[in-house]
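Here's a quick tour of one protein chain, written for someone who likes to poke at side chains. Have the viewer open while you read.

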Amino acid sequence: MIIYGKQLFLHLLKHHKDKLEEIYLAKEVQKDIFNQIAKVGLKIQKVDNQKAQALARGGNHQGFLAKVKDYEFATLNEIKKSDYLVILYGLSDVGNIGAITRTAYALGAGGIIIVGKNDNLAMQGVVRASSGAAYELPIALCSDGLSLINELKQVGFKIYAANAGGKSAKEFEFESKIALIMGSEGEGIPNKVLQKCDDILGVNMRKDWDSLNVSVAFGILFDRIVNG
């Protein structure tokens, strides 16, 4: 898996050196940064911009690239021990998943569960879109969302779904063991899932608009849940 971009590269260099396998530099870097890279003990490969662009698949690499170990997902048993969980039901856009991961970590979520057909989930894009937060927050995969909800309820979680027309989060006093379900922008959350939830939350909008981007809606709702 290739990661790129100065901010993400330096985040892994500082916090997750063990994830790095190969290092590529496509520009001269400051001496202090180069010394930090050298301390990792890996061979530093100088590459031209054409090679760097190929590694980054045309992305903005800023001269910093690395090959890293495959992403290690958490297990559901691990995540069930946490508070404030996020369930992404049917989301496949890595930009949205990454943005939600970054916000979830910043606001104190205990973990994320991605429900759906995840065989081809491009974690390289999720890691980049999350600015590295995907390495700080446990993420698990699940293929059966209904069984997941039952499992979480059995260990004391209240399950809330984000959906158009839902209640304002201001109407609730949330306890810590809650899970918030966000659906895909195209299909939303299936009705059979909504029916199993304890309640439905929504964002009240003052202007005549039908929806918000899922990552934006998540940030609004999750902040209200965690911070009141």
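What follows covers charge pairs, aromatic rings, surface patches and a couple of backbone angles.

## Before you start

Keep in mind that this is a predicted model. Residue numbers start from 1 along the chain as its sequence is written.

## Salt bridges across the chain

Let's begin with the charged pairs. The count comes to four salt bridges. Side chains of opposite charge can pair when their charged atoms come close.

Take Glu151 and Lys80: their closest N and O atoms are 3.0 Å apart, and they form a salt bridge. This pair ties together distant parts of the chain, with Glu151 in helix H7 (residues 145-154) and Lys80 in the loop between H4 and strand E5 (85-89), 71 residues apart. Glu151 is partly exposed, at 25% relative accessibility.

That loop between H4 and E5 also holds Asp83. Asp83 makes a salt bridge with Lys177, where the closest N and O atoms are 3.8 Å apart. Again the pair links distant parts of the chain: Lys177 sits in the loop between strand E8 (158-167) and strand E9 (178-183), and the two residues are 94 apart in sequence. What about exposure? Asp83 is partly exposed at a relative accessible area of 32%, and Lys177 is partly exposed too, at 24%.

Next up is Asp199 with Lys167, a salt bridge whose closest N and O atoms are 3.3 Å apart. Here strand meets strand: Asp199 belongs to strand E10 (residues 199-201) and Lys167 to strand E8, with their positions 32 residues apart in this link of distant chain parts. Is Asp199 buried or exposed? At 17% relative accessibility, Asp199 counts as buried, because the cut-off for that label is under 20%. Its partner Lys167 is partly exposed, with a relative accessible area of 38%.

## Aromatic rings

Now for the rings. There are eight aromatic pairs by count. One of them is Tyr71 with Phe73: the ring centres are 5.1 Å apart and the planes meet at 70°, so this pair is edge-to-face. Tyr71 is buried, with a relative accessible area of 13%, while Phe73 counts as partly exposed at 31%.

How are the rings of Phe218 and Phe222 arranged? Their centres are 5.0 Å apart and their planes are at 20°, so they are stacked. The two residues are four apart in helix H9, so about one helical turn separates them. Both ends of this pair are out of sight: Phe218 counts as buried at 0% relative accessibility, and Phe222 is buried with a relative accessible area of 0%.

Back at the first pair, the grouping extends a step further. Tyr71, Phe73 and Tyr135 make up one aromatic cluster.

## Patches on the surface

Turn to the outside and you'll find a patch of negative charge, where Asp18, Glu21, Asp70 and Glu72 gather on the surface. Asp70 lies in the loop between strand E4 (64-68) and helix H4 (76-79). With a relative accessible area of 63%, Asp70 is exposed.

There's a nonpolar patch as well. Met205, Leu212 and Val216 form it on the surface, and together they have about 210 Å² of accessible area. Val216 is placed in helix H9 (residues 214-227), the helix that also carries the stacked Phe218 and Phe222. Val216 counts as partly exposed, at 44% relative accessibility.

## Two backbone angles to check

Most residues other than glycine have a negative phi. Which way does phi go for Arg57? The angle is near 50°, a positive value in a residue other than glycine. You'll find Arg57 in the loop between helix H3 (49-55) and E4, and at 74% relative accessibility Arg57 counts as exposed.

Gln62 is placed in the loop between H3 and E4. Phi of Gln62 is near 60°, again a positive value in a residue other than glycine. As for accessibility, Gln62 comes out at 40% and counts as partly exposed.

Conventions. Predicted model: local features only at pLDDT ≥ 70, side-chain atom pairs only at ≥ 80, totals over all residues. Heavy atoms only, no water. Patch = residues over 30% accessible without salt bridge, like charges linked within 9 Å, V, L, I, M, F, W, Y side chains within 5 Å. Areas by Shrake-Rupley, 256 points an atom, 1.4 Å probe, with all protein chains shown as cover. Salt bridge = Lys/Arg side-chain N within 4 Å of Asp/Glu carboxyl O. Lys, Arg positive; Asp, Glu negative; His and termini not counted. Charge placed at Lys NZ, Arg CZ, Asp CG, Glu CD. Buried < 20%, exposed > 50% of the residue type's maximum accessible area, 1.4 Å probe, protein only. Phe/Tyr/Trp six-rings, centres within 6.5 Å; stacked < 30°, edge-to-face > 60°.
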